[in-house]
Amino acid sequence: MQSIYAMHLNGSESIENHEKLLLKSADNILDLYLVMLSSLIEIAKRESLFIEKSAQKHTATSQEKNPNKKFINNSIINLLSNNNSLNTMLIERNINHWDLNYDYIKILTDTIKDSDLYKKYMSNEINNFEEDKRFIIDIFTEIIVPNDKFYEFLEDNNLTWIDDIPVVNTHIVKQLNLIKSNKNNSFSVSKIFKDQEDKEYLTNLFVKTVLNEVEFAKDFVDKTPNWDSERIAELDAIIIKMAICEFLKFPSIPVKVTINEYLEIAKEYSTPKSSIFINGILDNLVKEYSTKNKLNKIGRGLI
């Protein structure tokens, strides 16, 4: 949707260039995912270094010489720190954001240590894997993700990340919840695309929508008698065209799935009344396409 909208704004007719930008934007999601995961590792590294330096001071207290290392020995932190697939990907993708932005790690670390979550965790003498996992999930969701300074850092680093942050963070929490042991193979780095077909869906939806925009527009303009075509919000028009594209060009995608997905997109990105407007248009189109036998759905697309 955003790529098509960008084409309209730029007045560009180069589908190939925008397709490359689309794939680049999708690829950037992986970097965001790695940055979010690496923040947990870097926070623990910073605390470990702080404990080490504190113990080496000439004026070190008894507590500093015999510190509570429960946090830096957390099972999930150690699992991520020593995970082969994660470390390899961090190197391959050159994820070294914290080298020049360590102040943000300090902010997150200090906020975590000041929290009741941290104090309760550190004071609990009973150590087990599930407690470690719950603690990491809690500080991630309640402290790291909502932190305004950290959000500003992500926004400054890559503007395309902003829309992806909720999806990435939700996925990370899901992954953390699924970890069952501290074995290395209990966690693996996610991929952006499930397979080649998944990747082709992204580019095909973009290309087929752009190439058929004029034709698709003709299908719904007369379904809006109270709206001049020029008065329809541009995002709404793009959303409707993409939905039509899935109706007609993607036989394996169920009609209900298409409608539900685009109504959610409209609620998120367009005007308050857009989802109602779009729902009416799509319902009418489905009835018309069904009557004319234009909905050639197969497989799961029949559902």
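E152 is partly exposed, with 37% relative accessible area, a class that lies between buried (under 20%) and exposed (over 50%), as judged with a 1.4 Å probe on protein chains only. The model described here is predicted, so local features need pLDDT of at least 70 and side-chain atom pairs count only at pLDDT 80 or more, whereas totals for chains, interfaces and linings use all residues. Residues are numbered from 1 along each chain as its sequence is written, and side-chain values use heavy atoms, with hydrogens and water left out.

E152 is located in helix α9 (residues 148-157); helices here are DSSP runs of H or I with at least four residues, numbered from the N terminus. Together with D148, E155 and D156, E152 makes up a surface patch of negative charge. Such a patch consists of residues with over 30% relative accessible area and no salt bridge, like charges being joined within 9 Å. Asp and Glu count as negative, Lys and Arg as positive, and His and the chain ends are not counted. The charge is placed at CG of Asp or CD of Glu. The accessible areas themselves come from the Shrake-Rupley method.

Charged residues also meet in pairs. A salt bridge is taken as a side-chain nitrogen of Lys or Arg within 4 Å of a carboxyl oxygen of Asp or Glu, and by this rule there are 13 salt bridges. One of them joins E130 and K133, with an N to O distance of 3.8 Å. Both residues belong to helix α8 (residues 129-144), and because they are 3 residues apart, about one helical turn separates them. The two partners differ in their surroundings: E130 is partly exposed at 46% relative accessible area, whereas K133 is buried at 6%.

A pair with this spacing also occurs in helix α14 (residues 255-269), where E264 and K267 are 3 residues apart and therefore separated by about one helical turn. Their closest N and O atoms are 3.5 Å apart, forming a salt bridge. Here E264 is partly exposed, at 48% relative accessibility, and K267 is exposed, at 56%.

The salt bridge of E213 with K241 has an N to O distance of 3.1 Å. E213 lies in helix α12 (residues 213-221) and K241 in helix α13 (residues 234-249), so this pair ties together parts that are 28 residues apart in sequence. E213 is buried, with a relative accessible area of 14%, and K241 is likewise buried, with 11%. Elsewhere, D27, D31 and R93 are linked in a network of salt bridges.

Helix α10 (residues 165-178) contains N169, and V173 is placed in helix α10 as well. N169 counts as buried because its relative accessibility is 6%. Apart from neighbours within four places in sequence, N169 is in contact (heavy atoms within 4.5 Å) with M36, F140 and V145. V173 is also buried, at 17% relative accessibility. With residues up to four places away in sequence left aside, V173 touches I137, F140 and T141. F140 is thus a contact of N169 and of V173. By contrast, S14 is 38 Å from V173 in space, C-alpha to C-alpha, and 159 residues away in sequence.

The loop between α13 and α14 holds F250, which counts as buried at 10% relative accessibility. Setting aside its neighbours within four places in sequence, F250 contacts Y201, N204, L205, K208, C245 and K297. Of these, L205 is 45 residues from F250 in sequence, with a C-alpha to C-alpha distance of 8.5 Å.

The backbone offers a last point. Most residues other than glycine have a negative phi. N94, which is not a glycine, has a positive phi of about 55°. N94 sits in the loop between α5 (84-92) and α6 (102-113) and is exposed, with a relative accessible area of 51%. N293 also has a positive phi, near 55°, in a residue other than glycine. N293 is found in the segment after α15 (274-291), and its relative accessibility of 61% makes N293 exposed.

Notes: Helices (H or I, at least four residues) and strands (E, at least two) are DSSP runs, numbered from the N terminus. Patches are made of residues with over 30% relative accessible area and no salt bridge: like charges are joined within 9 Å, nonpolar side chains (Val, Leu, Ile, Met, Phe, Trp, Tyr) within 5 Å. Accessible areas come from the Shrake-Rupley method with a 1.4 Å probe; for residues, only the protein chains shown count as cover.
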